[in-house]
Amino acid sequence: MRRSSHDYTYLMQRWRAVARGSGLRLVQIATVDGFPLYCLKSPALGHRSGLYLSAGIHGDESAATEGLLAWAQRFQSQMRHLPLLIFPCLNPWGLVMNRRSDAAGNDVNRMFHGDEHPTAAAVRETAAPYAFDSAMLLHEDYDAQGVYLYELTKRPAFGDAILGAVEALIPKDQRSRVDGRRARDGILRPRFSVKRFAEMGHPEAVWLHLRGCARSITFETPSEASLEVRSEAHAVAVARMVELWSMPAV
Ligand SMILES: [Zn+2]
């Protein structure tokens, strides 16, 4: 029988194999809601501005955790040469329970302004020694009508090229407003508002932006596609971002 995308033990079993095959170090960074929280670090991390990848901060978005793993399985031989910090699943309790929140009902993706939440504290501490050039945070949106992304950027943006790579699998969300904000061709570049984020709490992407990450991308897939297609969209999006990152700046 095929094991579920909400089986955290199975997810981490497969990441352990990726770590062995790629030469990345798998490190437990905390225990949250009874589950071990992990990151992977590549030998190249710290030598130059890094790449930050995460999934599963919302536990009901399992195409994100599967897609990040699928990308890693495919690019195992190249990963040790990339300056990678990877968080395979930031809300294991949520993944197992198929819930967006943690066990206490918190949206973990509103907790990155400080160290009061154990997940945010562990991630912030793990990332502290490193600078990041680009970050991709993988999510799903059950109201979406296609793929879309949020992009907080200080350098030439990757958003169009990433959605272009994914489009063959899932078309872009063409709505002009997404989540109450203006969107164009599947891309949201929200104006950064200190006040707004102070009220709602900092998402992971905002924390990365504020600590100097030049491109902080939140990628979203819609629920109507099958898990396989959604997962593949995440894998393709990550692959495209890494490819764009590795190209010399023009
Ligand atoms: Zn989400």
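Histidine 139 counts as buried because its relative accessibility is 4%, where buried means under 20% relative accessible area, exposed over 50% and partly exposed in between, with a 1.4 Å probe and protein chains only. Histidine 58, at 3% relative accessibility, counts as buried too. Keep in mind that this is a predicted model, in which local features need pLDDT of at least 70, side-chain atom pairs count only at pLDDT 80 or more, and totals for chains, interfaces and linings use all residues. Residues are numbered from 1 along each chain as its sequence is written, and side-chain values use heavy atoms, with hydrogens and water left out.

What are the protein donors of the zinc ion? They are His58 (ND1), Glu61 (OE), Glu61 (OE) and His139 (ND1), at 2.0 to 2.3 Å from the ion. Donors here are N, O and S atoms within 2.8 Å of the metal (3.2 Å for Na, K and Ca), and sites may look incomplete because water is not among the atoms. Along the chain, the donors follow the spacing H-x2-E-x77-H. The pair of histidines links distant parts of the chain: histidine 58 sits in the loop between β3 (50-55) and α2 (62-74), and histidine 139 in strand β5, 81 residues apart. Helices (H or I, at least four residues) and strands (E, at least two) are DSSP runs, numbered from the N terminus.

The angles among the four donor atoms run from 57 to 151°, and the site is irregular. Four donors would count as tetrahedral if all angles lay between 85 and 135 degrees, and as square planar if opposite donors were over 155 degrees apart and all others between 65 and 115.

Now to the largest pocket, which is lined by 31 residues; Arg110, Tyr150, Asp179, Arg181 and Glu220 lie nearest its centre. (On a 1 Å grid over the protein atoms alone, a pocket is an open set of points where a 1.4 Å probe fits, with protein on both sides within 12 Å along at least five of seven lines; lining residues have an atom within 4 Å of a point.) β5 (132-141) is one of the elements that supply at least two residues of this lining, and β5 gives the most, with four.

β6 (148-153) and β10 (215-222) also supply at least two lining residues each. These two strands pair in the antiparallel sense over six bridges, where pairing requires at least two DSSP bridges. Glutamate 151 stands opposite isoleucine 217 in β10. Five of the six residues of β6 are buried, so β6 is largely enclosed by the rest of the structure.

Methods: Tetrahedral: all angles 85-135°; square planar, octahedral: opposite > 155°, others 65-115°.
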